Amino acid sequence: MAVNLQIPSESEIFPVAGVEIGVTEAGIRKANRRDLTVMRLAAGATVAGVFTRNRFCAAPVQVSKAHLAKGGPIRALVINTGNANAGTGEPGLKNATDTCAELGKLLGVPAEQVLPFSTGVILEPLPMDRLLAGLPKAVAALGGNEWFNAAHGIMTTDTLPKIYSRRAQIGGKTVTITGISKGAGMIRPNMATMLSFLATDAGIAQPLLDTLALELANQSFNRITIDGDTSTNDSFIVVATGQSGLQVNAASDADYAALRQALAEAAADLAQKIVRDAEGATKFMTIRVEAAGNTDEALKVAYAVAHSPLVKTAFYASDPNLGRILAAIGYAGIDDLDASKIQLWLDDVLVAKDGGRNPEYREEDGQRIMKQAEILVRISLGRGQTSDTVYTCDFSHEYVSINADYRS
């Protein structure tokens with residue numbers, strides 16, 4: 001059950017000028033479900049991507065990276081769910097490139113101007129007959145505001161679609177930002193079993209967009225974890241169509257800071273929605289590490305706590321067995337950590353003080369916080385001035401059931 005996941009109504013989802021979307025049922029894995037999505041981008045749009053660091057990256061990731069590296073325009077995206085086209089070797093690469101070629105023919109653009117994306121089961125051949133047969137139907141369905149359907153069309157074990165949309169006044173122009181994401185398990189930074197597509201009708205020069213996409217990913221999708229598994233298919237794509245009339249070419253431009261902040265809020269919202277809809281999750285947990293010596297230290301500690309099965313199961317049970325958090329801090333990999341300087345809070349309850357149990361801490365206070373659907377775990381290392389935050393969830397019986405039954 002998703003934890004406080006808010007989905008905008010269709011009337012609250014704004015189309016992005018320069019992006020058309022078509023969604024269809026191709027029967028990639030299961031019949032009668034939306035599983036194939038095409039996005040057509042207007043000429044002049046700029047596109048940047050951030051991808052998984054898993055060395056066993058899927059064929060569509062390899063092809064998308066190669067097409068982006070050519071430096072030419074990108075005019076279309078194609079996304080299938082139900083099959084990851086990962087662990088499929090040379091046949092998988094051919095299937096990904098053939099998909100681009102076929103969609104390119106339908107849209108009248110070169111194959112290298114198409115980016116493919118897949119999500120689903122690993123180590124199974126992509127059913128190309130069904131995918132290729134579905135492409136004309138997806139193209140025929142192209143429309144200006146199909147984001148709601150697209151959010152459903154990229155889901156796998158997600159229970160709810162993940163959508164963000166807003167309009168903002170920037171530089172005297174009305175700028176639209178709309179995006180979708182998917183992911184519920186096999187989630188860990190660098191990046192995760194996730195796909196996310198974020199579009200704006202602002203114009204952003206290609207070199208700046210390349211830098212911005214990585215910055216956005218690092219502060220959003222690379223700050224979430226569900227189960228510590230880094231997937232083969234992670235992709236985060238940012239599209240800037242330029243249709244609003246606002247154009248930024250450099251970080252020094254007057255309107256860049258406001259546009260960057262608006263896009264950062266969108267990426268953070270989409271990333272956190274993934275954690276809120278994590279497989280079997282009942283709690284949404286924010287792990288904030290303060291007074292670290294540097295970012296690396298802060299993240300080591302945050303992820304040690306966020307990945308600990310003992311911590312995650314304790315939160316599921318609302319059991320304030322909080323020594324598990326101290327243990328995770330201790331094995332995080334900071335060799336010269338001074339345990340006597342550690343402070344630990346659950347929300348506003350000080351649990352550990354100067355490395356030991358706070359004399360005023362009462363277990364009923366800890367349990368009261370742990371029964372909440374949303375919990376802040378705050379840790380002070382007493383080493384410096386750096387802070388960082390990671391978002392995670394608890395582990396429930398349902399997580400095991402979902403992943404045990406995933407292929408059935």
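Which domains does the domain assignment of the chain give? In this predicted model, the assignment yields domain 1, covering residues 10-277, and domain 2, covering residues 284-405. Taken over C-alpha atoms, the centres of domain 1 and domain 2 lie 33 Å apart. Domain 1 brings 13 residues to the contact, and domain 2 brings 17 residues.

It helps to set these domains in the frame of the whole chain. The secondary structure consists of eleven helices and 17 strands. The C-alpha trace spans about 70 × 55 × 40 Å along its principal axes. The radius of gyration of the chain is 22 Å, which agrees with the value near 22 Å that a compact globule of 408 residues would have.

We can now turn to the interface. The size of an interface is often given as the accessible area lost when the parts come together. Here, about 1300 Å² is buried between domain 1 and domain 2, and carbon and sulfur atoms give 57% of that area. On the side of domain 1, the residues that lose the most area to domain 2 are Arg-223, Thr-225 and Arg-276, which together account for 44% of what that side buries.

Polar and charged groups also meet across this boundary. Seven residue pairs are in polar contact across the interface of domain 1 and domain 2, with both residues of each pair at pLDDT 80 or more. Sorted by class, the side of domain 1 that touches domain 2 comprises four nonpolar, five polar and four charged residues. The interface of domain 1 and domain 2 also has two salt bridges, while the structure as a whole holds 18 salt bridges.

Two arginines already met among the residues of domain 1 that lose the most area to domain 2 deserve a closer look. Arg-223 forms a salt bridge with Asp-388, with 3.0 Å between the closest N and O atoms. This pair links distant parts of the chain, its residues being 165 residues apart. Arg-223 sits in the loop between helix 5 (206-218) and strand 10 (235-240), whereas Asp-388 belongs to strand 17 (residues 386-393). As for Arg-276, its side chain meets that of Glu-374 in a salt bridge, at 2.7 Å from N to O. Arg-223 and Arg-276 thus each take part in a salt bridge, and both are listed with Thr-225 as losing the most area on the side of domain 1.

Terms used. Residues are numbered from 1 along each chain as its sequence is written. Side-chain values use heavy atoms; hydrogens and water are left out. Domain bounds come from an automatic or database domain assignment. Contact means heavy atoms within 4.5 Å. Buried area is the accessible area (1.4 Å probe) that two parts lose on being put together, summed over both. A salt bridge is a side-chain nitrogen of Lys or Arg within 4 Å of a carboxyl oxygen of Asp or Glu. A polar contact is a pair of N or O atoms within 3.5 Å; within protein, one must be able to donate a hydrogen and the other to accept it, and residues adjacent in sequence count only if both atoms are side-chain atoms. Ala, Val, Leu, Ile, Met, Phe, Trp, Tyr, Cys and Pro count as nonpolar, Asp, Glu, Lys and Arg as charged, and the others, Gly among them, as polar. Helices (H or I, at least four residues) and strands (E, at least two) are DSSP runs, numbered from the N terminus. The radius of gyration is taken over C-alpha atoms; the globule rule is 2.2 Å times the number of residues to the power 0.38.
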